[in-house]
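The following exercises concern metal coordination and charged side-chain pairs. Each task is followed by a solution in steps.

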Amino acid sequence: MAHVIEAAKTGRASCRTCKSPIAKGELRFGEEVPNAFAPGEMTYFWHHLGCAAKKKPAALKQALETTEQDIPNKEELLQTIDASAKTEKPTTFPYAEHAPTSRSSCVECGEKIEKGELRVAIEQEISTGGFSRRGAGYLHPGCVAEHTDGDSEELYSKIKANSLNLNSSELQALQAQMQ
Ligand SMILES: [Zn+2]
Ligand SMILES: [Zn+2]
């Protein structure tokens, strides 16, 4: 599975972004997410294409690049994606960003990540009081290789796809720090 774009098969799904229904036959974006009710399985969160361009720019961009659907307003969607990618915080793991505060610590070395420094966000199990849930964990780029047992190349390509908030020189700096 991966993110999809398809014509809605029924009119029963609501958009996760604006909460209003998605009409039957209308093109919709399916964001692939872990199924909270069936561990290990995946499911889709549906969005209107226009809503996804604003709230899920990186994921929609990936889907637009791979879909075989004819998307009449593709150019317009790509423009919205570019505009919103600069202001929206990435929501799909793994991604990279400038740390907005100095409050996070690296899950690998335990040291503080300074405000403004590039940090890598990954999804991990967090256990609190016997319950475990999925949440964000942060890494210094330089700690990624250690954390992934040397598989930082693969992680970098995923980060690049998810981090439309970073420009190409920021991405280059990140890649260099990750090695
Ligand atoms: Zn919507
Ligand atoms: Zn670290």
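Donors are N, O and S atoms within 2.8 Å of the metal. The model examined here is predicted.

**Exercise 1.** Identify the protein donors of the zinc ion (ligand 1) and determine the geometry of the site.

*Solution.*
1. The donor atoms are SG of C15, SG of C18, ND1 of H48 and SG of C51, at 2.1 to 2.3 Å from the zinc ion (ligand 1).
2. Four donors count as tetrahedral if all angles lie between 85 and 135 degrees.
3. The angles among the 4 donor atoms are 100 to 118°, and the site is therefore tetrahedral.
4. Along the sequence, the donor residues follow the spacing C-x2-C-x29-H-x2-C.

**Exercise 2.** Are H48 and C51 buried or exposed?

*Solution.*
1. The term buried requires under 20% relative accessible area.
2. H48 has 13% relative accessibility, so H48 is buried.
3. C51, at 15%, is likewise classed as buried.

**Exercise 3.** Describe the salt bridges of E6 and of E97.

*Solution.*
1. A salt bridge places a side-chain nitrogen of Lys or Arg within 4 Å of a carboxyl oxygen of Asp or Glu; the count by this rule is 8.
2. E6 pairs with K9 at 3.1 Å, N to O. E6 is buried at 15% relative accessible area, whereas K9 is exposed at 58%.
3. E6 also pairs with R28, at 2.7 Å from N to O. This pair connects strand β1 (residues 4-7), which holds E6, to strand β2 (residues 27-34), which holds R28, across 22 residues.
4. E97 pairs with R119, with closest N and O atoms 2.6 Å apart. E97 lies in strand β4 (residues 95-98) and R119 in strand β5 (residues 118-128).
5. E97 is buried at 6%, as is R119 at 4%.
6. Through shared partners, salt bridges join E6, K9 and R28 into one network.

How values were computed. Residues numbered from 1 in each chain as written. Chains lettered and ligands numbered in written order. Predicted model: local features only at pLDDT ≥ 70, side-chain atom pairs only at ≥ 80, totals over all residues. Heavy atoms only, no water. Donors = N, O, S within 2.8 Å, 3.2 Å for Na, K, Ca; no water. Tetrahedral: all angles 85-135°; square planar, octahedral: opposite > 155°, others 65-115°. Buried < 20%, exposed > 50% of the residue type's maximum accessible area, 1.4 Å probe, protein only. Helix = DSSP H or I, 4+ residues; strand = E, 2+ residues; numbered from the N terminus.
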